[in-house]
Amino acid sequence: MLKRKGYISSIISIILLTGFIGTLCPIKVKADESSIKYNYGEALQKSIMFYDFQRSGKLPNDKRDNWRSDSGMDDGKDVGLDLTGGWYDAGDHVKFNLPMSYTSTMLAWSLYEDKEAYEKSEQLKYIKDEIKWANDYFIKCNPEKDVYYYQVGDGGQDHSWWGPPEVMQMKRPSYKVDINNPGSTVTAETAASLASAALVFKDSDSEYSQKCLKHAKELFEFADETRSDSGYKAASPYYTSNSGFWDELSWAATWLYMATGDSAYLDKAESYVPHWSVEQQTSTISYTWGHCWDDVHYGAELLLAKITNKETYKESIERNLDFWTTGYNGRRVTYTPKGLAWLSDWGSLRYATTTAFLAGVYADWSGCSKEKASTYNNFLESQVNYALGSTGRSFVVGFGENSPKNPHHRGAQGSWLDDKKVPGYNRHVLYGALVGGPSSNDSYTDDVENFRCNEPACDYNAGFVGALAKMYEKHGGEPIKDFKAIEQKTNDEFYAEAGVNASGPNFMEIKALLYNKSGWPAKVGDKLSFKYFIDISEIIKAGYTSKDITISTNYNQGAKVSNLIPWNEAQNIYYVNVDFSGTKIYPGGQPNYRKEVQFRMSAPEKCSWDNSNDFSYKGISTVPGGTPLQTSNIPVYDDNVLVYGNTPDKGDKPAIIGDVNNDGEVNILDYIALQKYIMNPSASIELKNSDLNGDGRVNTSDLFILRRTIIEQ
């Protein structure tokens, strides 16, 4: 994710988009009556689920996917605090609190406006969970009065690495504003988020509501007293507040008034209005941009219009909505040939769908004329339908026809090589993510490298969720019952490759590589190991024993290589245990996702050793110095639990480790059988399947591993 929006960087676009067009005739935006109506219930459901995938910290037990896990668990430790939680911003892993708090405020606004839509669609729990997830984090970020941690993670370091959040290893510094180095924009925006949360939780959880309100008041007071962004520096150039802090102060004060009923906050909100930005060389409040994380005066003036019924706010919000629809005073936003109201290359759909939400809110208000309400509702429908696929392609991942398959998102792609080109497709479906959107000519490329039009972000979905709730309220639709993002794995997560490095009459040297390409979820493997099985019948026949075979290493990237361990002494089957415990192997780039070891097995000089009957020899590269090959006959273990491959048994057939009762399955019946055996060793079980940790004994350690195996299935 690079800089996605800024007034300075977009100055040329603004001039082109909003320049005076003297011959412009008012054009009514009218939804095509023959257009397809979409399943707005499903779209709403998935657009909320997107935030599940953005979560940082300790994930709940009732999470609805199998590819995300705990991450960022050390956040805040650099300053002695617990700053876990919150959302990752976009396709990256920085927690930028300015767009995050804007996002949670927008979700709360939608819930405040259209609670019945969430109740009817059975999404009330999920929208409230997301609002709470963000605000729980904001409360942590405000550990004391006049101190607020506004960011975790360094943008430069974070963006230089491409991998899933569960395995990130870069430093994640925490950045704060305080009384000496304030940040009024971000603290006021966070105050708005907490106040809106207090409002929507007021009836269902009064204790939590009051907690949010306490922090909202303190942060607002901090922002209002300091009125400076001098300490807000770490987010540059990603989320610089170009509009200043006056709009956020009005926005926060308005939400505090709505949450408390205290008219002092309403007075405060209105007192900042003279400081809002104006159109160039006029005294007219700005109306030629869109409501977004950087400029929230549009939302503030809409709320103030509804609260006060004052013409100044009504006229101002209508100027903005007219600019986006029929045009105002000869100025009108650009429209693409296929009907998208297009403001900027960065997040074009974000602006259109967020303005659509504002248009829907205003149209539903009794203070809006019927004619304008019709225009604004048609705009709402046309922009939402564009995002959902009215042009022949959806811009919402996992919804509709021809939806994006390769959004610019580290977690969703799940690369193990720190490379956008690997594996060449996104391993996970980022359900509900609204991507940035097309250019002004409707062109769009579904390419993971295209962060301009194909990256999703928390703030992109923020207004979109509200617009979908409006469309669901008007047109209905059926969410998918008990929908979950449970996926089938598209590749082996853990495996070994091996080949003959060198050989002689009495020795065999193996080059082996242990891989971690985990993605369901990605994890750091620091207890990985593998077993290399051999048959020493020739050695035994020559009068020697397993102790006469020596094991040595030539090249080793962190493994402990054992001497021979018996597996099935009756059949002369032994193995070398190669244990990388203590060495991190994780899907995080070339030096990290695999580790190599070269080990030599040497018999006495007079022995002739035929390796062709070795269980693990079958399937490896047998040409000395050849490219190692993946083989299932070198089983891989994670903390002594088999995660890949086969093991030999007496008939040299794969055994099902954990199948204690030998019925072909591993389940609770095996746990009961193993428990009985440990209590009474005369009980009948399949011993070769019951030694889960491969130490040659069957005991409570195996029972513990079996229990974990069954739970994790």
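Two strands count as paired if DSSP finds at least two bridges between them. With that in hand, the tour of this predicted model can start from the whole chain and move to its parts.

**Domains.** Colour the protein chain by three ranges: domain 1 at 40-475, domain 2 at 494-649 and domain 3 at 668-712. To place the outer two, put a centroid on the C-alpha atoms of domain 1 and another on those of domain 3; the two centres are 51 Å apart.

**The annotated span.** Next select residues 489-649. An unreviewed UniProt entry annotates this range as "domain: CBM3". Show the range as a cartoon: 43% of the span is strand and 3% is helix. A distance drawn between the C-alpha atoms at its two ends reads 28 Å.

**The open sheet.** Now pick out strands S9, S12, S7, S6 and S13. These five strands make an open sheet, and reading across it gives the order S9-S12-S7-S6-S13, with antiparallel pairing. Strand S9 (550-556) and strand S13 (629-630) are the edges, each with a pairing partner on one side only.

Stay with the sheet and select residues 494-504, strand S6, together with residues 507-516, strand S7. The two strands run antiparallel and are joined by ten bridges. For a single position to label, take Val-500, which faces Ile-510 of S7.

**The largest pocket.** Which residues should be selected to find the centre of the largest pocket? The pocket has a volume of about 1200 Å³. Its lining consists of 39 residues, and those closest to the centre are Lys-489, Glu-493, Trp-520, Glu-712 and Gln-713. Add strand S15 (641-644) and helix H21 (700-712) to the view, as these are the elements that each give two or more residues to the lining. H21 supplies the largest share, five residues. Coloured by class, the lining shows 15 nonpolar, nine polar and 15 charged residues.

**An aromatic pair.** A search over the whole structure returns 37 aromatic pairs. For one of them, select Tyr-287 and Phe-323 and show the side chains. The rings are 6.3 Å apart centre to centre, and their planes are at 75 degrees. An angle over 60 degrees counts as edge-to-face, so this pair is classed as edge-to-face.

What does this contact tie together? Tyr-287 is in the loop between helix H10 (263-271) and helix H11 (297-308), while Phe-323 belongs to helix H12 (residues 311-324), so the pair links parts that are 36 residues apart in sequence. Show H10, H11 and H12 as a cartoon with the two side chains as sticks to end the tour.

Definitions and conventions
Residues are numbered from 1 along each chain as its sequence is written. This is a predicted model: local features need pLDDT of at least 70, side-chain atom pairs count only at pLDDT 80 or more; totals for chains, interfaces and linings use all residues. Side-chain values use heavy atoms; hydrogens and water are left out. Domain bounds come from an automatic or database domain assignment. UniProt positions are given in the numbering used here, feature names are shortened, and annotations may be inferred rather than shown by experiment. Helices (H or I, at least four residues) and strands (E, at least two) are DSSP runs, numbered from the N terminus. On a 1 Å grid over the protein atoms alone, a cavity is a set of points where a 1.4 Å probe fits but cannot get out, and a pocket is an open set with protein on both sides within 12 Å along at least five of seven lines; lining residues have an atom within 4 Å of a point. Grid points are joined across faces, edges and corners, and a volume is the space filled by probe spheres set on the points. Ala, Val, Leu, Ile, Met, Phe, Trp, Tyr, Cys and Pro count as nonpolar, Asp, Glu, Lys and Arg as charged, and the others, Gly among them, as polar. Rings of Phe, Tyr and Trp (its six-membered ring) pair if their centres lie within 6.5 Å; planes under 30 degrees apart count as stacked, over 60 as edge-to-face and the rest as tilted.
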